[in-house]
Amino acid sequence: MNIENSGPLATYACIRNCWYMIGASADFPAGKLTGHVVTGKPVVAWRTKQGTVVAYDDRCAHKRFPLSKGRLMDDGTLECAYHGLRYDMTGKCVMIPSHPTGPISPQAVVRPFPIIEQDGIVWLWPGDVAAAETRRPPRLPEVGSDEWCTEIIGPMDVPANYILLIENLLDITHFYPLHDGNIGDIANSRIPVELEEGEVDGNRYAMTIRKVSNYAQPPYLVDWFHYDTVDRHHTHCMMSPGITRVVMRNAPAGELRDDGEERHYPGRLDANSNERGYVLVHAHTPVDAHRHYWWVLINVPAQHMSKGDPTKQTAKRIAEMFPTVIAEDHFALEQQQKMFDYPDDGYQEVFLKPDIAIRRARAIFHDLLREEEQGLARSQAAE
Ligand code: FES
Ligand SMILES: [Fe+2]
């Protein structure tokens, strides 16, 4: 696709053929039913006694009562709270209380969703089941590792299409004025942007790279990472439509590890050098085209303590202070989305130089949407 034609924003849509986070592993203790909505589809999910997480359509096949409001029985079946139909782990109805001896219609089934649990995260695939094998959730080795302290903020309920958050993360020239005085300043907005693209595990990615020398750190970054003036390496990578990974490496001027010509995906922080920084994983799961859930998984080497409170691990200190930054972004996304409710009526968006990754992310979204539409057309033609 010609990137010049990759706008306007696909704020009317969300990608279904993608693995999305529905929670951390700890959010799924055995036997607890949870209800979710992912890309407009209602989902009930739980961890079985055997330890695996399963998910299927949250609408009972009888009269659409939400199964997440039902209960799990001792034999592992899920009982609907309305008329008591019971389903096994595959979504097949195995018991109907009002006619216990009669045959059960083969239509009494609810559609299961593919689930993968990996790196301490539960991922759900809301799209075409046959296509689920073509992609894997991006690997996030720091999350839940003993060598890292991981703090999770969220999920936050954001009334905006999730591509607005992805664009916010790929274009951090909004650090001035939106985050001026906490994590950003005008100097940050002027750092040149490089772009890297590729494909890993079936997921096309777009990544920005910002390198700067002798940079005077804004107040929050001094509090977290100690150094007042740094050489800095900062990447933002949309690893898939479900995940954006941010890696920041800071070191005193002249001491930053030289990465030469190496590729930056997925970006690593060396815990055993004088580098300080973080790996922030932003998970953005669309509820529908106008709303998403947002998690921030803050990962910092476990031995790093903050300067602002030397008794606290840096990840914990960031988790305390970051909600101020999140509130600013949340405000911006909500305001933007409201403006999409007006017809374009001659309105035209201006692209600036640092928007390069936004253009590529949009092109990837358009390609994925087109691919889904063609898949749908193929399955309709086959019917
Ligand atoms: S709606 Fe679930 S049993 Fe009737
Ligand atoms: Fe921001």
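The dialogue below introduces a predicted model of a protein and shows how some of its features may be read.

Colleague: How many helices and strands does the protein contain?

Modeller: The model is a predicted one. The protein has six helices and 17 strands.

Colleague: How should I read the radius of gyration, and what value does the protein have?

Modeller: The value is compared with what a compact globule of the same number of residues would have. For 383 residues that expectation is near 21 Å, and the protein has 23 Å, which agrees. Along the principal axes, the C-alpha atoms occupy a box of roughly 80 × 55 × 35 Å.

Colleague: What share of the residues is buried, and what share of the contacts joins residues 24 or more positions apart?

Modeller: Of the 383 residues, 53% are buried. Among contacts with a separation of 6 or more, 61% are between residues 24 or more positions apart. The exposed area of the protein is about 17500 Å², and 52% of that comes from carbon and sulfur atoms.

Colleague: How many positive and negative charges are there, and how far apart are their mean positions?

Modeller: There are 39 positive and 52 negative charges, and their mean positions lie 5 Å apart.

Colleague: Let us turn to a single helix. Is helix H1 enclosed or open?

Modeller: A helix can be judged by counting its buried residues. In helix H1, residues 162–170, nine of the nine residues are buried, so the helix is largely enclosed by the rest of the structure. Among them are Tyr162, Ile163, Glu167 and Asn168.

Colleague: An α-helix may have one side facing inwards. What general idea lies behind that way of reading?

Modeller: An α-helix has 3.6 residues a turn, so residues three or four places apart point the same way. In H1, however, the buried residues include the neighbours Leu164, Leu165 and Ile166, as well as Leu169 and Leu170.

Colleague: What happens at the start of H1?

Modeller: There, a side-chain oxygen of Asn161 comes to within 2.8 Å of the backbone nitrogen of Ile163.

Colleague: Which residues does Gln337 touch?

Modeller: Gln337 belongs to helix H5, residues 314–339. Leaving out residues up to four places away in sequence, Gln337 touches Pro159, Ala160, Asn161, Leu164 and His290. Asn161 is the residue whose side chain reaches the start of H1, and Leu164 is one of the buried residues of that helix. The side chains of Gln337 and His290 also make a polar contact, at 3.4 Å.

Colleague: Are Gln337 and Glu334 buried or partly exposed?

Modeller: The cut-off for a buried residue is under 20% relative accessible area. Gln337 has 6% and is therefore buried. Glu334 also lies in helix H5, but at 27% Glu334 is partly exposed. The C-alpha atoms of Glu334 and Leu164 are 9.3 Å apart, although 170 residues separate the two along the chain.

Colleague: How are residues in loops to be read? Where is Ala132, and what does Ala132 touch?

Modeller: A loop residue may be examined by its accessibility and its contacts. Ala132 sits in the loop between strand S10 (121–124) and strand S11 (148–158). With 5% relative accessibility, Ala132 counts as buried. Beyond residues up to four places away in sequence, Ala132 touches Trp19, Pro114 and Trp125. Thr48 offers a further case, in the loop between strand S3 (41–47) and strand S4 (53–57). Thr48 is buried at 4% relative accessible area, and its contacts outside four places in sequence are Ala30, Val54 and Met89.

Colleague: What should I look for in the backbone angles?

Modeller: Most residues other than glycine have a negative phi, and most peptide bonds are trans. In this structure, Asp119 has a positive phi, near 55°, and lies in the loop between strand S9 (115–118) and S10. Asp201 likewise has a positive phi, near 55°; its loop runs between strand S12 (194–200) and strand S13 (203–216).

Colleague: Is Asp119 or Asp201 buried or partly exposed?

Modeller: Asp119 counts as buried, at 17% relative accessibility, whereas Asp201, at 38%, is partly exposed.

Colleague: Where are cis peptide bonds found?

Modeller: One joins Gly154 and Pro155, with omega about 5°, and Pro155 is in strand S11. Another joins Tyr176 and Pro177, with omega about 10°, and Pro177 is in helix H2, residues 175–178.

Methods. Residues numbered from 1 in each chain as written. Chains lettered and ligands numbered in written order. Predicted model: local features only at pLDDT ≥ 70, side-chain atom pairs only at ≥ 80, totals over all residues. Heavy atoms only, no water. Helix = DSSP H or I, 4+ residues; strand = E, 2+ residues; numbered from the N terminus. Rg over C-alpha atoms; globule rule 2.2 N^0.38 Å. Buried < 20%, exposed > 50% of the residue type's maximum accessible area, 1.4 Å probe, protein only. Contact = heavy atoms within 4.5 Å. Areas by Shrake-Rupley, 256 points an atom, 1.4 Å probe, with all protein chains shown as cover. Lys, Arg positive; Asp, Glu negative; His and termini not counted. Charge placed at Lys NZ, Arg CZ, Asp CG, Glu CD. Polar contact = N/O pair within 3.5 Å; in protein donor to acceptor, adjacent residues only side chain to side chain.
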